[in-house]
Number of protein chains: 2
Amino acid sequence: MQKNSEFIDKLRTSGLRPTRQRLKICELLFNRDKTFHFTINDLARNISEKLNEKISLATIYNTVHAFKKKGYLKEITINSDKSYFDTNITNHHHFYDEDTNQLIDCNNNEIGKVKIKNNITGKKINSVEVLVRVASDIQNQN
Amino acid sequence: MQKNSEFIDKLRTSGLRPTRQRLKICELLFNRDKTFHFTINDLARNISEKLNEKISLATIYNTVHAFKKKGYLKEITINSDKSYFDTNITNHHHFYDEDTNQLIDCNNNEIGKVKIKNNITGKKINSVEVLVRVASDIQNQN
DNA sequence: GTCTAATTTATAATGGTTCTAAACTAATGT
DNA sequence: ACATTAGTTTAGAACCATTATAAATTAGAC
Ligand SMILES: [Mn+2]
Ligand SMILES: [Mn+2]
Ligand SMILES: [Zn+2]
Ligand SMILES: [Zn+2]
């Protein structure tokens with residue numbers, strides 16, 4: 001629910017030039033009611049479907065990584081061959097539905113606070129992430 | 001701390017033929033005091049260093065995946081470009097040291113039990129994994 | 001030993017990601 | 001407005017971890 005001029009400011013204050021391509025990607029990613037998860041592939045498909053202007057794949061990679069670096073996106077890794085980006089940049093945990101390959105945010109009340117009793121000496125905790133893998137109750141015999 | 005005949009039994013009862021290659025890999029992975037984490041690359045290097053017999057890379061992949069499927073290994077995904085295998089197949093959590101790229105097991109007393117208050121309806125929880133990313137306390141200004 | 005299906009192997013193919021270097025463009029200054 | 005420069009985009013090549021292929025080998029059964 002942001003508008004173009006806000007994205008321009010946001011990019012400028014991040015030291016990123018508000019190019020046509022970046023603004024388009026901002027609209028697709030952040031001009032929404034709800035946060036969501038996407039793969040680079042999802043985004044590329046989205047762009048070629050919804051936009052009548054082409055954005056090169058290299059630019060899509062560049063932009064997503066730039067946005068991640070600036071903290072506008074988080075990366076969630078499920079397995080080696082599935083990496084999602086998350087427009088929800090708050091600390092939160094995930095359910096991963098192994099039947100549908102869907103990544104679902106946990107509400108704060110769904111998973112209790114993780115208590116870390118002993119951290120590694122001399123190290124700072126950067127993040128604590130819980131991934132709950134779920135699958136259909138019945139046919140669970142692959 | 002197992003011996004060859006035990007590996008043969010283990011493989012046979014899993015429906016895997018105890019081939020020379022699989023037994024060598026069993027020795028490298030399971031004939032130890034402590035469990036550990038490794039990448040395919042680590043294992044391949046280990047094999048070519050410690051063994052005077054070559055095992056093809058395809059076989060290494062095949063074997064690791066077969067062992068994972070049978071539940072003798074777990075896969076831990078850190079980011080899209082780093083996947084570790086774990087000979088500790090019990091439920092446990094991890095610290096990941098972003099300075100040294102080391103994956104470290106949490107003892108059960110280091111992280112409290114994760115409380116999942118609401119699961120997704122009709123789904124069964126397959127695993128609950130916590131990953132705590134840590135880094136040096138000081139120079140944390142990339 | 002013979003037979004058969006499982007396994008190993010070298011090598012090719014795949015595919016997602018990164019690199020390259022040339023073309024383009026946003027920003028700044030005059 | 002124009003010139004200059006650094007940042008950005010782009011197509012395509014390169015990269016590289018993983019998977020597929022298909023032929024050779026081997027384990028287990030008879
Ligand atoms: Mn990345
Ligand atoms: Mn895998
Ligand atoms: Zn999320
Ligand atoms: Zn572990």
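These are my notebook entries on two DNA strands and one helix in this structure, which is a predicted model.

**Entry 1: around DNA strand C**

I started by asking which residues come closest to DNA strand C. I found Tyr61(A), Thr19(B), Gln21(B), Arg22(B) and Thr59(B) in that group, out of 18 residues that surround the strand. I then checked what part of the strand they meet: sugar and phosphate make up 77% of the atoms of DNA strand C that come within 4 Å of the protein.

Next I went through some phosphate contacts. Thr19(B) puts an N or O atom of its side chain 2.4 Å from a phosphate oxygen of DNA strand C. For Arg22(B), I noted a polar side-chain atom at 2.8 Å from a phosphate oxygen of this strand. Ser56(B) uses its backbone instead: a polar backbone atom there is 3.1 Å from a phosphate oxygen of DNA strand C.

I also looked up which elements build this surface. At least two residues each come from α4 (57–69) of chain A, and from α2 (20–30) and α4 (57–69) of chain B. The largest share, 4 residues, belongs to α4(A). By class I get 7 nonpolar, 6 polar and 5 charged residues near DNA strand C.

**Entry 2: around DNA strand D**

I turned to DNA strand D and found 18 residues around it, with Thr19(A), Gln21(A), Arg22(A), Thr59(A) and Tyr61(B) the closest. Sugar or phosphate supplies 79% of the strand's atoms within 4 Å of the protein, and bases supply the rest.

Three phosphate contacts went into my notes. A polar side-chain atom of Tyr61(B) is 2.3 Å from a phosphate oxygen of DNA strand D. Thr19(A) has a polar side-chain atom 2.5 Å from a phosphate oxygen of the strand, and for Lys54(A) I wrote down 3.3 Å between a side-chain N or O atom and a phosphate oxygen. The elements giving two or more residues to this surface are α2 and α4 of chain A, plus α4 of chain B. I see the largest share, 4 residues, coming from α4(B). The residues here split into 7 nonpolar, 6 polar and 5 charged.

**Entry 3: helix α3 of chain A**

Which residues of α3(A), residues 40–50, are buried? I listed Ile40(A), Leu43(A), Ala44(A), Asn46(A) and Ile47(A). Looking down the axis of α3(A), I see its buried residues within an arc of 160 degrees, so they line one face of the helix. On the other side, I noted Asn41(A), Ser48(A) and Glu49(A) as exposed. Last, I traced what the buried residues pack against: α2 (20–30), β1 (37–38), α4 and β3 (82–86) of chain A.

Note on methods:
Residues are numbered from 1 along each chain as its sequence is written. Chains are lettered from A and ligands numbered from 1 in the order in which they are written. This is a predicted model: local features need pLDDT of at least 70, side-chain atom pairs count only at pLDDT 80 or more; totals for chains, interfaces and linings use all residues. Side-chain values use heavy atoms; hydrogens and water are left out. A residue is near a molecule or strand if one of its heavy atoms lies within 4 Å of it. A polar contact is a pair of N or O atoms within 3.5 Å; within protein, one must be able to donate a hydrogen and the other to accept it, and residues adjacent in sequence count only if both atoms are side-chain atoms. Ala, Val, Leu, Ile, Met, Phe, Trp, Tyr, Cys and Pro count as nonpolar, Asp, Glu, Lys and Arg as charged, and the others, Gly among them, as polar. Buried means under 20% relative accessible area, exposed over 50%, partly exposed in between (1.4 Å probe, protein chains only). The arc is that of the directions from the helix axis to the C-beta atoms. Contact means heavy atoms within 4.5 Å.
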